[in-house]
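Subject: Handing over a structure, with notes on what was found

Dear colleague,

I am passing on the structure below, and I would be glad if you kept it open beside these notes while you read. The notes take up helix packing, then open and enclosed spaces, and then two details of the backbone.

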Amino acid sequence: MAEYTFREVIAQAMSEEMRKDESIFLMGEEVADYNGAYKASKGMLDEFGAKRVIDTPIAELGFTGIAVGAAMNGNRPIVEYMTFNFALVGIDQIINNAAKIRQMSGGQWNCPIVFRGPTASAGQLGATHSQAFENWFANVPGLKVVVPSNPYDAKGLLKTAIQDNDPVIFMESEQMYGDKMEIPEEEYYLPIGKAEIKREGTDVTLVSFGKIMKLAIQAAEDMAKEGISVEVIDLRTVRPLDFDTVLTSVKKTNRLVILEEAWPFGSVSSEITYMVQQKAFDYLDAPIKRITTPDAPAPYSAALFAEWFPKLEKIKEEIKKAMYIKS
C-alpha cells in the first residue's frame with residue numbers, strides 16, 4: 001500500500017489500461033502539454049506520445065463527435081472535460097449518438113467511451129460552473145454514470161469504465177483531486193453498479209455519493225456520539241443504481257435520509273424515494289427525508305454559497321427528524 005492523491009490515481013488508471021491496449025487514447029483541453037487542467041494526466045504525454053494523449057481546441061461539440069466516431073471504428077477514447085458544465089456543448093453527441101448507437105444500429109456498433117471530468121460545485125465559480133448533472137445523464141438509456149467519492153474507488157471504477165463496451169459518464173470533483181488515500185500496489189477493478197456500505201448502522205440509513213459523502217460520514221460520526229446509529233451507503237454509481245443495497249438497509253433500519261448535491265426536482269434522491277416506497281413501504285417507520293441544494297442556481301457570493309450548499313447541521317437535523325427526535 002502507498003498513499004496517492006485522487007488526481008494521481010486517475011492518471012494511474014488511465015495509464016495502466018493504455019499500456020495494455022493501444023486502441024485507448026486520451027483527448028481533451030490541456031490534457032497533454034499542461035498535464036491536465038487539474039494535473040490528472042501528469043506524465044502521460046511523455047509516456048504515450050501526442051497520438052494517444054491529444055490536446056484539443058476549445059470545442060467540446062467537435063472533439064466529442066470525433067471520439068464517438070473513433071469508438072465506432074474500434075478505438076476506446078477517454079474524453080476529459082475541464083468541467084461537465086462544458087460537456088453541455090457536446091451533449092447532443094453524448095445523448096443522441098454515443099448513448100443510442102448500439103440500439104439504433106441493431107447491435108452492429110458499440111461505443112466504448114469514457115467521458116470524464118469534474119462535476120458540481122467547487123467554491124466561488126458562479127452558477128454556470130457549479131452544476132451537478134448526474135441525474136441528467138442518468139436519465140438516458142445507454143449511458144452508465146459513475147460518481148466516486150474517494151481515490152480508491154475512483155481508480156478501480158475508472159479502470160472498469162475504460163474496459164466497458166458502453167459509454168460511461170465518469171464524474172469527479174475539483175475539490176477531491178488533492179484527497180489522499182492508501183492504494184494497493186496490485187491491480188484491482190471495482191464493479192459498476194454496486195454500492196458500498198461505508199459505515200454499518202441500525203437506526204437510520206443515510207445514502208449519498210460523490211464528494212458530499214464526506215459530510216455524510218461526518219454526520220454519522222457525530223450522530224454516534226448522541227447514541228444514534230447511522231448506516232452510510234455510498235452509491236458510487238447512479239446508473240445503474242444499486243437499489244438492492246439501499247432496500248436491504250432500509251428494511252433493517254426502517255428509516256431513510258438521502259443527501260445529494262443537486263437541485264431537488266427530478267433528482268437521484270427522487271428516484272430512490274420512489275423505489276423505496278414502492279418496494280419497502282411497509283418497512284418504513286417514518287417519511288423519507290432528503291437534503292439537496294435549493295431549487296436555484298448556485299450563487300457566487302461566498303456568504304450566499306455557504307447558505308446554498310447542504311450543511312452538516314442540516315443533515316443531522318434531518319436524521320433526527322427521521323428518528324422523531326426534536327433538535
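For the packing of helices, an axis is a line fitted to C-alpha atoms over the stretch in contact, and an angle between two axes runs from 0 to 180 degrees between their N-to-C directions. Please bear in mind throughout that this is a predicted model.

With that in hand, helix H9, which covers residues 243-253, packs against H10 at an angle of about 55 degrees, and the two axes lie 10 Å apart. That angle makes H9 oblique to H10, and the crossing of these two helices is right-handed. On the H9 side the residues that take part are Phe-243, Val-246, Leu-247, Val-250 and Lys-251, and they meet Glu-271, Ile-272, Met-275, Val-276 and Lys-279 in H10. Sorted by class, the contact of H9 with H10 holds seven nonpolar and three charged residues, with no polar ones.

A second pair is formed by helix H1, residues 6-20, and helix H7, residues 151-163, whose axes come within 9 Å and cross at roughly 30 degrees. Because angles under 35 degrees count as roughly parallel, H1 is described as roughly parallel to H7. The crossing of H1 and H7 is right-handed. From H1 the contact takes in Phe-6, Val-9, Ile-10, Gln-12, Ala-13, Met-14, Glu-16, Glu-17 and Lys-20, while H7 brings Pro-151, Ala-154, Lys-155, Leu-158, Lys-159, Ile-162 and Gln-163. By class, the residues in the contact of H1 with H7 are nine nonpolar, two polar and five charged.

The third pair consists of helix H3, residues 60-72, and helix H4, residues 91-98, which pack at an angle of about 25 degrees with their axes 8 Å apart. This angle makes H3 roughly parallel to H4. Here Leu-61, Thr-64, Gly-65 and Val-68 of H3 make the contact with Gln-93, Ile-94, Asn-97 and Ala-98 of H4, and the residues of this contact are divided into four nonpolar and four polar, with no charged residue.

Turning to the open spaces, the largest pocket has a volume of about 260 Å³. Its lining is made up of 13 residues, and those that lie nearest the centre of the pocket are Ala-138, Asn-139, Val-238, Arg-239 and Glu-271. Two or more lining residues are given by each of helix H6 (134-138), strand E12 (237-239) and helix H10 (268-279), and H10 provides the largest share, with three residues. In terms of class, the lining of the largest pocket has six nonpolar, five polar and two charged residues. You may notice that Glu-271 appears in this lining and also in the contact of H10 with H9.

As for enclosed spaces, the count comes to two cavities of 30 Å³ or more. The largest cavity holds about 110 Å³ of space, and of the 13 residues that line it, Ala-120, Glu-134, Gly-210, Lys-211 and Glu-261 are the closest to its centre. The lining of this largest cavity has five nonpolar, three polar and five charged residues. The second largest cavity has a volume of about 60 Å³, and among the residues that line it are Ala-120, Glu-261, Trp-263 and Trp-308. By class, the lining of the second largest cavity is divided into five nonpolar, four polar and one charged. Ala-120 and Glu-261 therefore belong to the linings of both cavities, given that a lining residue is one with an atom within 4 Å of a point of the cavity.

Two points on the backbone remain. Arg-239 and Pro-240 are joined by a cis peptide bond, with omega at about -5 degrees, and Pro-240 has its place in the loop between E12 and H9. Arg-239 is also one of the residues nearest the centre of the largest pocket. Elsewhere, Asn-35 has a positive phi of about 65 degrees although it is not a glycine, and Asn-35 is found in the loop between strand E2 (24-28) and helix H2 (44-48).

With kind regards

Notes:
Residues numbered from 1 in each chain as written. Predicted model: local features only at pLDDT ≥ 70, side-chain atom pairs only at ≥ 80, totals over all residues. Heavy atoms only, no water. 1 Å grid on protein atoms, 1.4 Å probe; cavity = no way out; pocket = protein on both sides within 12 Å on 5 of 7 lines; lining within 4 Å. Points joined across faces, edges and corners; volume = space filled by probe spheres on them. Helix = DSSP H or I, 4+ residues; strand = E, 2+ residues; numbered from the N terminus. Nonpolar A, V, L, I, M, F, W, Y, C, P; charged D, E, K, R; others polar. Parallel < 35°, antiparallel > 145°, perpendicular 65-115°, else oblique. Left-handed = near helix turned anticlockwise from the far one by under 90°. Contact = heavy atoms within 4.5 Å.
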